[in-house]
Amino acid sequence: MRPFIHVNCAMSADGKLAGDDRTQVRISSDEDKTRVKGLRKQYDSILVGVGTVIADDPHLTLKDRDYDTNPIRIVIDPHGRTPANAQVLDGRAPTIMITSEDCDVTWDCEQIIRAGKDTIDLEKAMERLAELGIENILVEGGGKTIASFFKAKMVDRYTVFVGGLVIGGKDAPTPCDGDGWIAEGGVKMILEDCQMLGNGALLSFKPAFTQ
C-alpha cells in the first residue's frame, strides 16, 4: 500500500528547472499557475525535497485554506538540512519530515519519519504515509526527488509544463536530476494529453510501468 503519486513540474523549452546556480526562473505562464493552484486543491499532500526548501523556501499552502484544510506538507530531507525557520515549518499547515534513520535532527512539526540508511527508503516512507491516511501526493520537485520516484517506479502520473524560454547551462537542474541510473531504453512514457496554456504547453504522461 502506498499513496497515488503525481509528479508535476515546469521546465524551459531546453529542459531546465532553474539556472545553473539554482536561481529560480519564472517558467510557468499565468494559465499554468492557475492550473497548479487548482491541482493542489485536489491532493492530500504536497511533497518536495530539501534542495527545493533551501533554494526556494516555499510555504506549500493554499491562500484560501486554513490549517485543517491545507494539504499536508511533506519534505524529503535525508540528513536534516531543513532550517528551523523554513516556511514549510511555519505552522500554517501540517508538516511531515522524512529523513534517513541515521539522522537525529528534530523539528517542530507534526511527524518525523525515519526510513532507510544513508538514503531514503521510499517504499518504507510511502507505506508509513499510507498508514497515516495519506491517499495521494503531489510531488513538486526538485529534480533529484523526482528522479528518486521514477527510479523506484512510484510515479502514477507525470505532468510537465514546457515554457516558452531557453535557460541554458550544462549544470542547470532538469526534471530528472542527479546521478544517472536509467536502464537501456529509458523509462517509457505514454503521452495522454497535450494542451496549450499561454506561451507554453502542458504534457500529461502515464508511465508505462503502471500498465
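This note goes through the predicted model point by point, from its nonpolar cores to its backbone exceptions.

1. The nonpolar interior. The largest nonpolar core of this predicted model has 30 residues, and those with the most contacts inside it are Ile98, Met126, Leu129, Ile137 and Phe149. At least two residues of this core are supplied by each of strand 1 (4-11), strand 3 (72-76), strand 4 (95-99), helix 3 (122-131), strand 6 (136-139), helix 4 (143-151), strand 7 and strand 9. In soluble globular proteins, nonpolar side chains tend to be buried together. Apart from this core lies another, made of eleven residues, including Ile46, Val48, Leu60 and Met97.

2. Surroundings of Ile137. Leaving aside residues up to four places away in sequence, Ile137 touches Pro3, Phe4, Ile5, His6, Tyr43, Ser45, Leu47, Ile74, Met126 and Leu129. Two of these contacts, Met126 and Leu129, are also listed with Ile137 among the residues that have the most contacts inside the largest core.

3. Strand 1 and its partners. Six of the eight residues of strand 1 are buried, so this strand is largely enclosed by the rest of the structure. Strand 1 runs parallel to strand 6, to which four bridges join it, and it also pairs with strand 7, again in the parallel sense, over six bridges. His6 can be followed in both pairings, since it stands opposite Leu138 in strand 6 and opposite Arg157 in strand 7.

4. Aromatic pairs. A search of the whole structure finds two aromatic pairs. Phe150 and Tyr158 form an edge-to-face pair, with 5.4 Å centre to centre and 85° between the planes. Tyr158 and Phe205 form a stacked pair, for which the corresponding values are 6.1 Å centre to centre and 25° between the planes. This stacked pair links distant parts of the chain, with Tyr158 in strand 7 (residues 157-163) and Phe205 in strand 9 (residues 200-207), 47 residues apart. Phe150, Tyr158 and Phe205 thus belong to one aromatic cluster. Phe150 counts as buried because its relative accessibility is 6%; Tyr158, at 11%, counts as buried too, and so does Phe205, at 16%.

5. Helix 4 and Asp177. In helix 4, Gly143, Thr145, Ile146, Ala147, Phe149 and Phe150 are buried. Asp177 is placed in the loop between strand 7 and strand 8 (189-196), and its contacts, not counting residues up to four places away in sequence, are Arg22, Gly143, Lys144 and Ala147. With a relative accessible area of 17%, Asp177 is itself buried, an assignment that rests on the cut-off of under 20% relative accessible area.

6. Cysteines. The count of disulfides comes to zero. Cys9 is in no disulfide, and the nearest cysteine sulfur, that of Cys176, is 8.9 Å away; Cys9 is nevertheless buried, with a relative accessible area of 7%. The sulfur of Cys109 cannot be assigned a bond either, because the closest cysteine sulfur, in Cys103, is 11 Å away, which is too far. At 18% relative accessibility, Cys109 also counts as buried.

7. Backbone exceptions. Most residues other than glycine have a negative phi, and most peptide bonds are trans, and a reviewer may wish to look at the following places with that in mind. A cis peptide bond joins Gly141 and Gly142, with omega about -5°, and Gly142 is found in the loop between strand 6 and helix 4. Beyond the other end of this helix, Lys153 follows helix 4 with a positive phi, near 55°.

8. The loop between helix 2 and strand 3. Two residues with positive phi are found here: Asp57, in the loop between helix 2 (50-56) and strand 3, has phi near 50° although it is a residue other than glycine, and Leu60, in the loop between helix 2 and strand 3, has phi of about 55° and is not a glycine. In exposure, Asp57 counts as partly exposed because its relative accessibility is 29%, whereas Leu60 is buried, with a relative accessible area of 2%. Leu60 is also one of the eleven residues of the second core named in the opening point.

Conventions: Residues numbered from 1 in each chain as written. Predicted model: local features only at pLDDT ≥ 70, side-chain atom pairs only at ≥ 80, totals over all residues. Heavy atoms only, no water. Phe/Tyr/Trp six-rings, centres within 6.5 Å; stacked < 30°, edge-to-face > 60°. Buried < 20%, exposed > 50% of the residue type's maximum accessible area, 1.4 Å probe, protein only. Core = buried A, V, L, I, M, F, W, Y, C linked by side-chain atoms within 4.5 Å. Contact = heavy atoms within 4.5 Å. Pairing = 2+ DSSP bridges. Disulfide = S-S within 2.5 Å.
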